[in-house]
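Okay, everyone, I've got a structure to walk you through today. Let me put it up on the screen.

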Amino acid sequence: MGRSRYYVLGTQPHFLTCTVINWIPLLGKVEFTQIILDSLNFLQRQQRLTLYGYVIMENHLHIIASGASLFKEIGNFKSFTARCIIDLLEKNNSNYILNQLQLYKLKHKKKQEYQVWQEGFHPQAILDEEMLRQKLDYIHNNPVRRGYVDDPAHWRYSSYRSYIGELGLLQVELIDV
């Protein structure tokens, strides 16, 4: 994992951000977004991660999650999803994107040819109910602020639907907000 000044404190929920290297809009493709969804779902089924909220945008994702080994699990998540994305890009001969992932790879990463994710995930401990509400509101309204939808319920790659009683793509542990 990258050298980070951020630390995970205990098992309380944390607000996390994972960003594609150089903000390349990889996650705008359904196949890559599905890799993210499947990986988060796997971690939940294995009880390695509890997911409270999420949004997947074209070049980053935000989650609110907790886990006994959150730092390790997010590192594994990023490593696994990167490998899957690279394998799919290679299979589809997506040389332009692969060249971008190679070009923007950090120089000290000598053991790998490509880099999908920026280092770190900037965990912020959720310290109280007010902060939790603010972070959920932030992630759920991210697609609205970007101008992609007028209503957060229209963005399918978000936990917002779960919070209004509709079926979402991932199961989340609802928090009464």
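Before we look at residues, one cut-off: a residue counts as buried under 20% relative accessible area and as exposed over 50%, with partly exposed in between. And keep in mind that this is a predicted model.

So take Tyr148. Its relative accessibility is 37%, which falls between those two limits, so Tyr148 counts as partly exposed. Now, what about its partner, Trp155: buried or exposed? Trp155 comes out at 17% relative accessible area, so that one is buried. The two rings have their centres 5.6 Å apart with planes at 20°, and for that reason we call the pair stacked.

That's one of the aromatic pairs, and the structure has four of them. Another is Phe77 with Trp117: here the ring centres are 6.4 Å apart and the planes sit at 35°, so this pair is tilted. Where do these two sit in the chain? Phe77 is in helix H2, residues 70–91, while Trp117 is in the loop between helix H3 (95–103) and strand S4 (124–125). They're 40 residues apart, so to speak a link between distant parts of the chain. Both Phe77 and Trp117 are buried.

While we're on rings, have a look at Phe15. The charged end of Lys135 sits over that ring, 4.5 Å from its centre.

Okay, on to the sheet. It's an open one with four strands, in the order S2-S3-S1-S4, and the pairing is antiparallel. Which strands are at the edges? Those are S2 (50–56) and S4, each pairing on one side only. If you zoom in on S2 and S3, with S3 being residues 60–66, you'll find six bridges between them, antiparallel. In that stretch, Gly53 stands opposite Ile64 of S3.

Then the helices. H1, residues 30–45, lies across S2 and S3, and it runs at about 175° to S2. H2, the one carrying Phe77, packs on the sheet too, touching S1 (14–19) and S3. The direction of H2 makes about 25° with that of S1.

Last stop, the loop between H1 and S2, where you'll find Gln46. With a relative accessible area of 43%, Gln46 is partly exposed. From Gln46 to Val116 you have 70 residues in sequence, and in space they're 24 Å apart, C-alpha to C-alpha.

That's my tour, thanks for listening.

Definitions and conventions
Residues numbered from 1 in each chain as written. Predicted model: local features only at pLDDT ≥ 70, side-chain atom pairs only at ≥ 80, totals over all residues. Heavy atoms only, no water. Phe/Tyr/Trp six-rings, centres within 6.5 Å; stacked < 30°, edge-to-face > 60°. Buried < 20%, exposed > 50% of the residue type's maximum accessible area, 1.4 Å probe, protein only. Lys NZ or Arg CZ within 6 Å of the ring centre and 35° of its normal. Pairing = 2+ DSSP bridges. Contact = heavy atoms within 4.5 Å. Axes fitted to C-alpha atoms, helices over the stretch in contact; angles between N-to-C directions.
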